[in-house]
Amino acid sequence: MVSREQFRLLQTCVGVELGLVLAITLRKSKWFDYYIVGTDCKQSVPAARYVDCFETVPSGNAEGYTDVILSLVKKHSIEAVLPGSDIEDLALALVEAELTSLGCSLLVSDHNCLDWVWFMGISLSLIHISEPTRLGMIS
């Protein structure tokens with residue numbers, strides 16, 4: 001059997017279905033022996049049994065969220081953070097320089113790109129919400 005390189009990953013939002021599937025999939029990697037720190041704002045999630053360490057953290061938009069994540073990165077010598085929600089993507093993009101200084105990569109696009117995607121998502125949502133109103137005015 002080929003020796004696999006260890007990789008230390010912090011996976012956020014493991015309480016959602018995709019988080020569970022990702023944790024299980026990473027466990028089956030042929031190339032890496034993942035040490036996974038899973039986080040979620042809920043205290044009990046099914047994915048907790050598929051990660052090496054589970055930590056309850058504040059919601060991604062809560063005050064202090066990034067401080068908790070930075071603390072976990074230091075505590076577990078994390079090499080990369082994989083955010084599991086848009087809110088966490090945006091929050092962590094704001095502290096990407098601090099993560100980098102700790103030797104940790106943030107596995108998302110840069111903050112400007114995320115802001116644009118967030119803005120476009122809200123804009124498109126508003127267009128779809130107002131479409132029935134526009135159609136009602138036309139007929």
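**View 1. Ile69 in helix H2.** In this predicted model, Ile69 is found in helix H2, and the relative accessible area of Ile69 is 0%, so this residue is buried. Leaving aside the neighbours within four places in sequence, Ile69 is in contact with Leu10, Thr12, Thr39, Val57 and Leu92. For one of these partners, Val57, the C-alpha atom is separated from that of Ile69 by 7.9 Å, and the two residues are 12 apart along the chain. The helix that carries Ile69, H2, covers residues 65-76 and has the highest mean pLDDT among the elements of the protein, at 98.

**View 2. Gln11 in strand S1.** Gln11 is found in strand S1, and with a relative accessible area of 1% it counts as buried. A polar atom of the Gln11 side chain lies 2.8 Å from the backbone oxygen of Gly19. Gly19 also appears among the residues that Gln11 touches when those up to four places away in sequence are not counted, and the other members of that list are Leu22, Ala23, Leu26, Ile36, Val37, Gly38, Thr39 and Leu82. Thr39 is a partner of Gln11, and Thr39 is likewise in contact with Ile69, which links this view to the one before.

**View 3. A nonpolar patch at the surface.** Val16, Leu18 and Val21 make a nonpolar surface patch of about 260 Å². One of the three, Val16, lies in the loop between strand S1, residues 5-11, and helix H1, residues 17-27. Val16 has a relative accessibility of 34% and therefore counts as partly exposed, whereas Gln11, in strand S1, is buried.

**View 4. The salt bridge between Arg4 and Asp33.** Of salt bridges, the structure holds 4, and the one shown here joins Arg4 to Asp33, with the closest N and O atoms 3.8 Å apart. The pair links distant parts of the chain, since Arg4 belongs to the segment before S1 and Asp33 to strand S2, residues 32-40, with the two positions 29 residues apart in the numbering. Arg4 is partly exposed, with a relative accessible area of 29%, and Asp33 is also partly exposed, at 31% relative accessibility.

**View 5. The salt bridge between Arg27 and Asp52.** Here the side chains of Arg27 and Asp52 meet in a salt bridge, with a distance of 2.7 Å from N to O. This pair, too, links distant parts of the chain, for Arg27 is in helix H1 while Asp52 is in the loop between S2 and strand S3, residues 53-56, and the two are 25 residues apart. The relative accessible area of Arg27 is 30%, so Arg27 is partly exposed, and Asp52, with a relative accessible area of 42%, is partly exposed as well.

**View 6. The salt bridge between Lys75 and Glu55.** The side chains of Lys75 and Glu55 meet in a salt bridge at 3.3 Å, taken from N to O. Distant parts of the chain are again linked, with Lys75 in helix H2 and Glu55 in strand S3, 20 residues apart. The ends of this bridge are covered unlike one another: Lys75 is exposed, with a relative accessible area of 57%, whereas Glu55 is buried, with a relative accessible area of 18%.

**View 7. Helix H5 and the limits of the model.** Helix H5, residues 111-138, has the lowest mean pLDDT among the elements of the protein, at 48. Over residues 120-131 the pLDDT stays under 50, and for this stretch the model has 1 contact beyond four places in sequence. Over residues 133-139 the pLDDT likewise stays under 50, and there too the model has 1 contact beyond four places in sequence. For the protein, the mean pLDDT is 82, and 76% of the residues reach 70 or more.

**View 8. The setting of the close-ups.** The protein has 5 helices and 5 strands, and from the N terminus on its elements run β-α-β-β-α-β-α-α-β-α. Of its 139 residues, 35% are buried. Among contacts between residues at least 6 apart in sequence, 61% join residues at least 24 apart. The protein exposes about 8,600 Å², of which carbon and sulfur atoms supply 59%.

How values were computed: Residues numbered from 1 in each chain as written. Predicted model: local features only at pLDDT ≥ 70, side-chain atom pairs only at ≥ 80, totals over all residues. Heavy atoms only, no water. Patch = residues over 30% accessible without salt bridge, like charges linked within 9 Å, V, L, I, M, F, W, Y side chains within 5 Å. Areas by Shrake-Rupley, 256 points an atom, 1.4 Å probe, with all protein chains shown as cover. Helix = DSSP H or I, 4+ residues; strand = E, 2+ residues; numbered from the N terminus. Buried < 20%, exposed > 50% of the residue type's maximum accessible area, 1.4 Å probe, protein only. Polar contact = N/O pair within 3.5 Å; in protein donor to acceptor, adjacent residues only side chain to side chain. Contact = heavy atoms within 4.5 Å. pLDDT = per-residue confidence, 0-100.
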